[in-house]
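Look at the chain below before reading on. The report takes up single residues and then the packing of helices.

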Amino acid sequence: MKAKQWFNLHAWAGLLVGSLLLITCLSGTLATLSHEIEYLSDSKFRALSHSPNTDFAAIENTLAQRYPGSQIISILRHQQPYLATEVSLKWQQQFLFVYVDGATGQWLGEGQWGRVSRFLRNWHMNLSMGWTGKLIVTSLAIPLVILVVTSPIVYRQWWRHFLKKPRQLKTTNRSSWADWHKLLGLWSYWFIVVMAITGVWYLVEHTLQTAKIDHYIKTPAEVTDLQTDAAHPPAISVMVNAAQSAFPSLQIRAIQYPTKENKPVVVLGDNDDILVRLRANKVYLDPASADVLAIQKAADLAIVARIKDTADPLHFGNFAGLGTKLIWAVFGCLMTCICMAGLYMNWLRVKRKQRSLLQWFGIMGAVSVLLVCCSLLLTTQTFSVRQAPAKLYSPVL
């Protein structure tokens with residue numbers, strides 16, 4: 001292909017779904033720091049002590065005192081010690097989030113399902129459009145890969161320009177916008193490659209799930225064939241002690257109670273593995289007796305399963321505390337600016353011939369804008385909707 005053709009391919013990929021890619025980058029950047037945004041917005045999201053130890057017995061006692069007759073759906077201790085521990089609760093047949101200090105169990109506040117982190121994640125993950133939205137978002141990986149491949153071809157001798165001073169940015173000067181577009185693209189290229197790779201995986205994963213092709217580790221037979229009477233489940237501390245004894249190196253951060261009959265309690269945590277999400281290490285427990293049914297370790301995962309559990313930490317940068325989250329947020333912001341600059345440069349290049357904004361955008365551009373508007377409306381209307389499970393096999397507090 002000639003240089004002009006590579007440039008046209010690059011411009012086409014950026015313009016095809018430009019506004020949709022722009023919003024996806026923006027929402028993803030904000031979602032990366034969504035819990036930190038909540039931390040700044042309300043004291044109930046802030047842990048009082050930064051101890052890494054979690055006192056599950058104290059948490060259970062606090063909940064029993066403030067919400068007698070309630071049932072715990074799940075408990076989650078965030079990786080970042082400055083964030084409050086979240087308890088999802090079934091209280092008076094309604095869903096409720098309760099926030100406590102993980103180390104002491106002290107009550108910090110309560111709230112509903114709808115919050116900043118949920119809004120941003122719903123919007124970024126699937127535009128609040130379910131299966132279709134997930135397909136649209138993951139399909140953005142295709143034009144992103146095209147942009148990754150064409151960028152170093154279009155920008156000749158790019159390796160010489162990392163320290164090149166860009167021209168002063170002027171509203172109607174396309175060359176100045178091009179300078180900034182190229183400079184930001186150079187410094188953000190590694191990050192865009194990571195987003196493209198993880199985006200391709202999400203598209204593959206969505207396809208596998210749609211085709212109902214097994215690609216994750218199968219649940220052990222001891223768990224799937226469970227026959228138990230969970231009418232009187234043991235206390236949380238009993239579950240935690242059983243899981244800790246079976247998996248001593250597990251740093252327990254979450255407990256999930258079953259909402260269906262003959263399903264296990266799942267205890268999750270960290271085990272000093274690199275780049276895996278929380279669910280990679282887990283212990284399955286009998287909800288009636290706290291007997292250990294099975295143990296899953298990230299070190300034992302097959303390659304495809306390991307990729308599945310590594311994609312999220314790589315995509316959101318939440319694998320090494322606040323530092324990597326801030327790095328991901330900064331480069332996510334730069335990637336958003338690159339999208340904005342690319343769209344504006346294209347408009348400056350063709351506006352003399354196509355004075356109509358709608359004509360410049362074309363059909364796909366108009367569809368992208370429409371999807372962005374619809375997704376924002378849908379997310380606003382649906383992100384706070386959550387019902388408590390009808391059945392819950394956890395102890396009554």
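## A buried threonine

T379 has a relative accessibility of 0%, under the 20% limit, so this residue counts as buried. The model is a predicted one. T379 belongs to helix α13, which covers residues 357-382.

Which residues does T379 touch, once neighbours within four places in sequence are set aside? The contacts of T379 are F119, N122, W123, L127 and S128.

## A buried leucine in a strand

L268 sits in strand β6, which runs over residues 265-270. With a relative accessible area of 4%, below the 20% cut-off, L268 is therefore buried.

L268 and K282 are 14 residues apart in sequence, and their C-alpha atoms are 4.4 Å apart in space. K282 is also one of the contacts of L268 when neighbours within four places in sequence are left out. The other contacts on that list are L250, Q251, I252, R253, A254, Q256, L278, R279 and N281.

## Cysteines without a disulfide

A disulfide is a covalent bond between the sulfur atoms of two cysteines. How many disulfides does a search of the whole structure find? The search finds 0. C373 is in no disulfide, and the nearest cysteine sulfur to its own, that of C374, is 6.9 Å away. C374 is likewise in no disulfide, with the sulfur of C373 as the nearest cysteine sulfur at 6.9 Å. A disulfide needs the two sulfur atoms within 2.5 Å, so a distance of 6.9 Å does not qualify.

Are these two cysteines buried or partly exposed? C373 has a relative accessible area of 47% and is partly exposed. C374, at 33% relative accessibility, also counts as partly exposed.

## Two glutamines with positive phi

Q92 is not a glycine, yet its phi is positive, near 55 degrees. Q92 is found in the loop between β2 (85-91) and β3 (94-100). Its relative accessible area is 59%, over the 50% limit, so Q92 is exposed.

Q157 is another residue that is not a glycine and has a positive phi, here about 50 degrees. Q157 lies in the loop between α7 (141-154) and α8 (174-210). At 38% relative accessibility, Q157 counts as partly exposed.

## Helix α2 against helix α12

Two packed helices are described by the angle between their axes and the distance between the axes. For helix α2 (residues 18-32) and helix α12 (residues 321-350), the angle is about 165 degrees and the axes are 9 Å apart. An angle over 145 degrees counts as roughly antiparallel, so α2 and α12 are roughly antiparallel to each other. The crossing of α2 past α12 is left-handed.

On the α2 side, the residues that meet α12 are G18, S19, L21, L22, C25, L26, T29 and T32. On the α12 side they are K325, W328, A329, G332, C333, M335, T336, C339, M340 and L343. Sorted by class, the contact of α2 with α12 has 11 nonpolar, 6 polar and 1 charged residues.

## Helix α2 against helices α5 and α3

The axes of α2 and helix α5 (residues 116-126) cross at roughly 145 degrees and come within 9 Å. This crossing of α2 past α5 is left-handed. I23, T24, S27, G28, L30 and A31 in α2 meet L120, R121, W123 and H124 in α5. The contact of α2 with α5 has 5 nonpolar, 4 polar and 1 charged residues. W123 of α5 is also among the contacts of T379.

Helix α3 (residues 34-41) packs on α2 at an angle of about 60 degrees, with the axes 4 Å apart. That angle makes α2 oblique to α3. L30, A31 and T32 of α2 make the contact with S34, E36 and I37 of α3. The residues of the contact of α2 with α3 divide into 3 nonpolar, 2 polar and 1 charged.

## The chain as a whole

The protein chain has 13 helices and 8 strands. Its C-alpha trace spans about 75 × 40 × 40 Å along the principal axes. Of the 397 residues in the chain, 50% are buried.

Among contacts between residues at least 6 apart in sequence, 67% join residues at least 24 apart.

Conventions: Residues numbered from 1 in each chain as written. Predicted model: local features only at pLDDT ≥ 70, side-chain atom pairs only at ≥ 80, totals over all residues. Heavy atoms only, no water. Axes fitted to C-alpha atoms, helices over the stretch in contact; angles between N-to-C directions. Parallel < 35°, antiparallel > 145°, perpendicular 65-115°, else oblique. Left-handed = near helix turned anticlockwise from the far one by under 90°. Contact = heavy atoms within 4.5 Å. Nonpolar A, V, L, I, M, F, W, Y, C, P; charged D, E, K, R; others polar. Buried < 20%, exposed > 50% of the residue type's maximum accessible area, 1.4 Å probe, protein only.
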